[in-house]
Amino acid sequence: MSRAQLPVAGPADVRRAAVELVRADGRTFAAVLVLNALAAVAGLAGPWLLGRIIDEVRGGGGVAAVDRLAPVILLCAVAQLLLARWARYVGHRFGERTLARVRERFVDRALALPSSVVERAGTGDLTARGTADVTAVGTTLRDAGPALLVNGVQALFVTAAVFLVDPLLGALGVLALTPIWIVLRWYLRRARDGYLAEGAATSDVAEIVASTASGARTVEAFRLEERRIRASRDALETARRTRFHTLFLRTVFFPVVEVSYHLPVAGVLLIGGLLHQRGAVSLGAVVAAALYLLQLSGPLDEVLMRIEQLQSGGASFARVEGLARAPRAAGRGDGPDPADDRIDVAAARYAYDGGGEVLRGVDLTVTPGERLAVVGPSGAGKTTLSRLLAGVDAPTAGTVTVGGVPVVGLDPERLRRQVVLVTQEHHVFLGSVRDNLRIAEPAAGDEELWAALTAVGADAWVRELPDGLDTELGEGGRATDGSQAQQLALARVVLADPHTLILDEATALLDPTTARHTERALAAVLRGRTVIAVAHRLHTAHDADRVAVMEDGRLTELGAHEELVAAGGAYAALWRSWHGDRPDGP
């Protein structure tokens with residue numbers, strides 16, 4: 001199966017999403033702007049009043065000017081401090097609420113992704129977006145956003161103040177900032193692509209680690225250790241190169257900016273001194289303009305640093321927002337309900353992207369209440385067929401329907417009432433045993449929970465737990481082994497109560513005795529429902545109503561166990577081979 005990363009939102013989509021987030025909390029955002037503006041105005045008073053003091057003292061005003069204006073400078077400084085802190089507090093609250101919306105939207109979109117999309121993209125990509133990228137977005141919203149607003153407003157007001165003091169000195173100060181403008185344009189043209197590449201490389205590393213860990217037994221069985229190590233090293237080398245590229249951008253950007261801060265102040269002092277000698281400007285104006293430009297370096301430095309963080313956070317936001325462009329699972333629609341529980345597969349073909357056909361014209365009908373076993377060698381197409389039957393994937397040709405309605409077209413709620421697929425993969429969620437079971441049916445009482453556990457043979461070990469159903473599982477609680485985790489997954493299926501249950505080697509991690517007990521218990525609980533079991537233990541086929549034999553993507557034999565054994569075909573050979581290794585019989 002080829003792997004393709006999830007989509008990344010374009011700049012226009014990111015801007016549109018950012019505007020929507022601002023509108024969702026517009027009043028708070030407006031309050032942040034107003035408080036920042038007031039703080040900036042309060043901060044402008046100091047240099048201007050100091051210039052007034054210098055000019056009045058030079059004009060013979062004496063210390064009276066100092067006594068009169070110095071308290072005003074102090075009052076304005078205190079006002080600026082309080083307003084700035086208030087603005088940051090409101091800004092952080094805005095950032096936290098906005099981050100909560102981003103997280104909620106990400107979870108909703110992730111849950112709406114079709115299983116096939118997640119599997120082809122790899123869980124590493126989705127995990128990286130839901131952890132590192134969402135965290136980066138949260139840091140940007142909480143810290144960079146408010147700081148950018150505060151310092152941006154201050155920088156704008158300080159620049160305007162220099163022009164009000166003296167237009168010529170203001171023009172000189174702005175002209176001296178040209179190197180910053182040049183290096184900023186250079187940086188912005190490269191930063192987005194650089195950070196997106198870094199994020200993609202991080203996803204690749206996460207995917208390789210996750211897939212290697214989950215498939216550790218397969219890697220060991222097929223001696224793929226060296227191949228996986230090489231793949232990991234290649235991914236890490238790519239990640240290293242992308243990180244070094246963004247580091248190079250920062251090492252060019254920041255030194256130029258740091259040096260450029262001093263140019264406006266030096267220029268105003270030099271040129272302003274010459275103009276003062278000629279009587280063109282007062283000494284107070286030169287001092288005030290120099291102080292304003294010196295004051296400008298603080299918010300300007302903060303703005304430029306936050307712009308760098310904004311590029312990183314913006315790239316992460318593009319990856320998080322990219323889920324909006326991913327394919328969606330079938331939504332709640334007005335499509336017809338299935339007429340009955342009959343499943344029909346007609347001329348179904350399927351090929352994974354970039355690969356050959358896995359299924360080649362499969363025809364199959366499963367009647368309600370039937371128990372069907374699907375057997376065949378590895379790579380025959382059994383798992384792919386089960387995914388089509390469960391609506392995880394759509395056939396590339398032909399149809400798969402339940403009650404005359406395409407399975408893949410059913411919305412998730414309807415699909416769960418029709419078909420549930422259980423694979424070898426399972427998960428124990430953090431929480432109690434009761435919490436883990438009620439995921440399938442929140443309204444289930446303890447009696448129903450125990451009945452489900454009994455059905456899958458898990459009641460004995462659950463009763464031995466210190467707190468029974470209230471025992472905490474997972475990290476910090478009671479650890480479960482593979483068979484217990486799978487039994488919990490099967491108990492959830494019993495509670496979900498679908499009319500068709502597809503078991504794709506779902507008991508593979510159980511020992512043979514426990515597996516057989518679980519399968520027979522499930523058969524008893526699901527009597528009257530359809531059960532399709534992809535089996536590698538042929539006792540499952542022996543107990544089934546019919547057996548479907550898959551070979552090279554085709555359904556080559558279909559019939560009852562006794563019929564197929566008597567026919568002497570592929571199934572008979574499999575049965576003789578398996579049965580001959582079991583002196584005690586099936």
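**Group meeting: a sheet, its salt bridges and a buried asparagine**

Let me begin with a sheet. Strands E2, E1, E4 and E5 form an open sheet of four strands, in that order, with antiparallel pairing. Its edges are strand E2, residues 357-366, and strand E5, residues 405-406, each of which pairs on one side only. Please keep in mind that the model shown here is predicted.

Within this sheet, strand E1 covers residues 343-351 and strand E4 covers residues 397-402; the two pair in the antiparallel sense over five bridges. One residue pair to look for is Ile 343, whose bridge partner in E4 is Val 402. In the same region of the sequence, Asp 344 forms a salt bridge with Arg 342, and the closest N and O atoms of that pair are 3.0 Å apart. Arg 342 counts as partly exposed, because its relative accessibility is 39%.

Let me now step back to the protein as a whole. The protein has 21 helices and twelve strands. It comprises 586 residues, of which 45% count as buried. Among contacts with a separation of 6 or more, 77% are between residues 24 or more positions apart. The accessible surface comes to about 28,600 Å², and carbon and sulfur atoms account for 59% of that surface.

I turn next to charged pairs. Side chains of opposite charge can pair when their charged atoms come close. How many salt bridges does the count come to? The count comes to 18.

One of these joins the side chains of Glu 321 and Arg 109, with an N to O distance of 3.1 Å. This pair links distant parts of the chain: Glu 321 belongs to helix H11, residues 283-321, and Arg 109 to helix H3, residues 63-112, with their positions 212 residues apart. Are these two side chains in buried or exposed residues? Glu 321 has a relative accessible area of 9% and is therefore buried. Arg 109, at 14%, is buried as well. Both residues also take part in a network of salt bridges that links Glu 20, Arg 105, Arg 109 and Glu 321.

A second example has another setting. The side chains of Glu 237 and Arg 241 meet in a salt bridge of 3.6 Å, N to O. Here both residues lie in helix H9, residues 225-260, and they are four residues apart, about one turn of the helix. Glu 237 is partly exposed, with a relative accessible area of 32%. Arg 241 is likewise partly exposed, with a value of 47%.

Helix H3 brings us to the surface. Val 66 lies in this helix, and at 33% relative accessibility it counts as partly exposed. Together with Val 57 and Val 63, Val 66 makes a nonpolar surface patch of about 230 Å².

I close with a single buried residue. Where does Asn 436 lie? Asn 436 lies in helix H14, which spans residues 433-438. Its relative accessible area is 1%, so Asn 436 is buried, the cut-off being under 20%. Which residues does Asn 436 touch, leaving aside those up to four places away in sequence? They are His 427, Val 428, Phe 429, Gly 431, Leu 473 and Arg 492.

Conventions: Residues are numbered from 1 along each chain as its sequence is written. This is a predicted model: local features need pLDDT of at least 70, side-chain atom pairs count only at pLDDT 80 or more; totals for chains, interfaces and linings use all residues. Side-chain values use heavy atoms; hydrogens and water are left out. Buried means under 20% relative accessible area, exposed over 50%, partly exposed in between (1.4 Å probe, protein chains only). Contact means heavy atoms within 4.5 Å. Two strands pair if DSSP finds at least two bridges between them. A salt bridge is a side-chain nitrogen of Lys or Arg within 4 Å of a carboxyl oxygen of Asp or Glu. Accessible areas come from the Shrake-Rupley method with a 1.4 Å probe; for residues, only the protein chains shown count as cover. Patches are made of residues with over 30% relative accessible area and no salt bridge: like charges are joined within 9 Å, nonpolar side chains (Val, Leu, Ile, Met, Phe, Trp, Tyr) within 5 Å.
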